[in-house]
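Here is a set of short exercises to work through with the structure viewer open. Try each task yourself, then compare your steps with the solution below it.

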Amino acid sequence: MADPTSSSPPGLLSLDEALQRLLAVGAQCVIRQTEDVPTLQAWGRVLAEDVRSGLDVPPADNSSMDGYAVRLADVPAAGAVLPVSQRIPAGVVGDPLTAGTAARIFTGAQIPPGADAVVMQEQCTSVDPQSVRVDVVPAAGQWIRRRGEDIAAGATVLARGTVLTAQAMGLAASVGRATVQVLRRPRVALFSTGDELAMPGEPLKPGGIYNSNRFTLTGLLQASGCEVKDLGIVPDRLEATRQALRAAAEGVDLILTSGGVSVGEEDHLKPAMRLEGRLDLWQVAMKPGKPLAFGAVRRGDGSEALFVGMPGNPVSSFVTYLLTVAPLLRALQGQPAREPTAYALRADFDWPRPDRRREFLRVRLNGQGGLDLFPNQSSGVLTSTVWADGLVDVPPLQPIARGDMVRFLPLNGLLG
Ligand code: AMP
Ligand code: MG
């Protein structure tokens with residue numbers, strides 16, 4: 001991601017630098033295993049093959065209107081009356097069109113040999129049940145969809161690496177593919193640390209809060225196409241954290257955690273990680289966010305699962321996920337690194353006291369083509385993330401005055 005200023009506060013890592021390091025490791029852990037899935041269930045999956053068409057689409061010239069197929073030579077002037085020699089509904093192959101006649105034809109029906117235009121029924125008048133008057137002079141080829149005009153036989157319609165959207169599923173089906181070969185989903189273990197955390201459905205003890213990150217992160221991981229191995233809440237104790245890491249590492253590509261990566265004495269991830277694998281603890285020059293832990297946990301067989309430890313504050317972990325974990329998961333799925341979708345839009349708000357860190361404000365598009373700011377930008381205020389439809393990427397120390405153009409990152413562009 002383009003860092004608007006290259007300098008970060010001393011001791012802090014720029015977001016770009018953090019991302020480069022993550023992606024460099026991600027590129028070495030690209031998932032190679034593939035599986036065949038029914039096209040109907042392939043939404044969001046990453047294609048592991050080029051999908052080629054074995055046929056022309058459409059397979060034959062066909063009508064794009066309900067009307068009459070004619071020979072141009074038979075309609076030299078408006079008002080020609082022609083006998084109706086056959087009726088061709090969609091799915092039926094007609095006979096060659098007898099000269100001097102018209103064929104009743106319906107949308108999607110194959111054009112009979114000899115016909116060179118279709119006249120829509122609104123421009124024809126039925127004279128009697130056996131004949132029709134053509135009230136216009138048709139142009140050559142009108143209302144005919146040509147064989148292969150969408151796809152020529154042999155063409156690659158979807159390239160390897162494509163993330164299957166609804167449209168892509170339809171396109172694969174249109175060339176007759178009942179199954180497609182896709183990468184297996186990334187497997188991600190998830191746990192939350194914190195003795196204060198309770199699960200929704202449980203009573204809240206004094207001093208407790210509900211574990212919202214588990215839900216936000218599960219949804220985000222699903223949006224990134226992952227299979228989630230949920231280990232729930234892990235208490236703030238070294239031994240419990242070590243155990244959770246060992247259990248998490250088996251069978252997953254990545255372990256994702258929230259909380260416990262600050263430098264407080266209740267933050268046990270750092271020592272646990274050092275014992276169970278290796279860890280870099282980064283202070284990233286971004287707000288919300290900042291502490292970010294990256295490393296790997298040893299599995300029983302000596303191999304490693306990647307590890308990302310995110311901050312506990314709900315907005316911090318949400319934004320950190322979008323800007324670092326989502327790109328890492330794309331890299332694991334073989335996707336090339338890319339800039340997030342960004343638009344230059346007008347700020348309809350003031351932001352007079354910018355931070356030294358690059359900041360990501362929760363904003364919403366208003367009906368006037370500008371951006372409104374959520375009034376409380378605290379990293380604990382999860383309401384802002386539901387209200388917002390995007391983030392404004394504020395360079396370090398750069399105030400915003402109403403009317404300024406700013407860099408807007410839509411949330412759906414960060415996830416997709
Ligand atoms: P930590 O990073 O563990 O120091 O936590 C920072 C803040 O985030 C604290 O206020 C925590 O209570 C809160 N927090 C940590 N984990 C969660 C979670 N899973 N859900 C909601 N809030 C959390
Ligand atoms: Mg904590």
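**Exercise 1: a loop residue**

Is Gln33 buried, partly exposed or exposed, going by its relative accessibility?

Solution. Keep in mind throughout that this is a predicted model.
- Step 1: find the residue. Gln33 sits in the loop that runs between H1 and strand S1 (34-38).
- Step 2: apply the cut-offs. Buried means under 20% relative accessible area and exposed means over 50%, with partly exposed in between.
- Step 3: Gln33 has 44% relative accessibility, so it counts as partly exposed.
- Step 4: look across to Ala48. Gln33 and Ala48 are 15 residues apart in sequence, and their C-alpha atoms are 9.0 Å apart in space.

**Exercise 2: a helix residue**

Now classify Gln222 by its relative accessible area: is it buried or exposed?

Solution.
- Step 1: Gln222 belongs to helix H3.
- Step 2: its relative accessible area is 52%, and the exposed class begins over 50%, so Gln222 is exposed.
- Step 3: for a distance check, pick Arg362, which is 140 residues from Gln222 along the chain; their C-alpha atoms are separated by 22 Å.

**Exercise 3: the ligand shell**

Describe the surroundings of ligand 1, and say which residues come nearest.

Solution.
- Step 1: list the neighbours. There are 16 residues around ligand 1, and Glu196, Asn211, Gly260, Gly312 and Asn313 come nearest.
- Step 2: sort the shell by type. It divides into 4 nonpolar, 11 polar and 1 charged.
- Step 3: trace the shell back to secondary structure. Strand S13 (187-193) and strand S15 (209-210) each supply at least two of its residues.
- Step 4: look for polar atom pairs. A side-chain N or O atom of Glu196 is 2.6 Å from an oxygen atom of ligand 1. At Gly260 a polar backbone atom is 2.9 Å from an oxygen atom of the ligand. A nitrogen atom of ligand 1 lies 3.3 Å from a backbone N or O atom of Asn213.
- Step 5: assess the cover. On its own, ligand 1 has 480 Å² of accessible area, and the protein covers 78% of that.

**Exercise 4: domains and the core**

Where does the largest nonpolar core lie with respect to the domains?

Solution.
- Step 1: lay out the division of the chain. Domain 1 is 15-34 + 184-332, domain 2 is 35-57 + 149-183, domain 3 is 62-145 and domain 4 is 343-415. Taken over C-alpha atoms, the centres of domain 2 and domain 3 are separated by 35 Å.
- Step 2: inspect the core members. The largest nonpolar core has 36 residues, of which Leu256, Val308, Tyr321 and Leu329 touch the most other members.
- Step 3: ask which elements contribute. Those that each supply at least two residues of this core include helix H1 (15-27), strand S17 (254-258), strand S21 (304-310) and helix H8 (411-415). H6 gives the most, with 11 residues.
- Step 4: combine. Both domain 1 and domain 4 give residues to this core, so it lies between them.

**Exercise 5: backbone angles worth a second look**

Which peptide bonds and phi values go against the general trend?

Solution.
- Step 1: recall the baseline. Most residues other than glycine have a negative phi, and most peptide bonds are trans.
- Step 2: check omega. Val57 and Pro58 are joined by a cis peptide bond, with omega about -5°. Pro58 lies in the loop between strand S2 (51-52) and strand S3 (62-63). Another cis bond joins Lys287 and Pro288, with omega about 0°, and Pro288 is in the loop between strand S19 (286-287) and S20.
- Step 3: check phi. Trp143, not a glycine, has a positive phi near 60°. Its place is the loop between strand S9 (131-134) and strand S10 (144-145). Lys290 also has a positive phi, about 140°, and is found in the loop between S19 and S20.
- Step 4: add accessibility. Trp143 is partly exposed at 33% relative accessibility, and Lys290 is partly exposed with a relative accessible area of 29%.

Definitions and conventions. Residues are numbered from 1 along each chain as its sequence is written. Chains are lettered from A and ligands numbered from 1 in the order in which they are written. This is a predicted model: local features need pLDDT of at least 70, side-chain atom pairs count only at pLDDT 80 or more; totals for chains, interfaces and linings use all residues. Side-chain values use heavy atoms; hydrogens and water are left out. A residue is near a molecule or strand if one of its heavy atoms lies within 4 Å of it. A polar contact is a pair of N or O atoms within 3.5 Å; within protein, one must be able to donate a hydrogen and the other to accept it, and residues adjacent in sequence count only if both atoms are side-chain atoms. Accessible areas come from the Shrake-Rupley method with a 1.4 Å probe; for residues, only the protein chains shown count as cover. Helices (H or I, at least four residues) and strands (E, at least two) are DSSP runs, numbered from the N terminus. Ala, Val, Leu, Ile, Met, Phe, Trp, Tyr, Cys and Pro count as nonpolar, Asp, Glu, Lys and Arg as charged, and the others, Gly among them, as polar. A nonpolar core is a set of buried Ala, Val, Leu, Ile, Met, Phe, Trp, Tyr and Cys residues joined through side-chain atoms within 4.5 Å. Buried means under 20% relative accessible area, exposed over 50%, partly exposed in between (1.4 Å probe, protein chains only). Domain bounds come from an automatic or database domain assignment.
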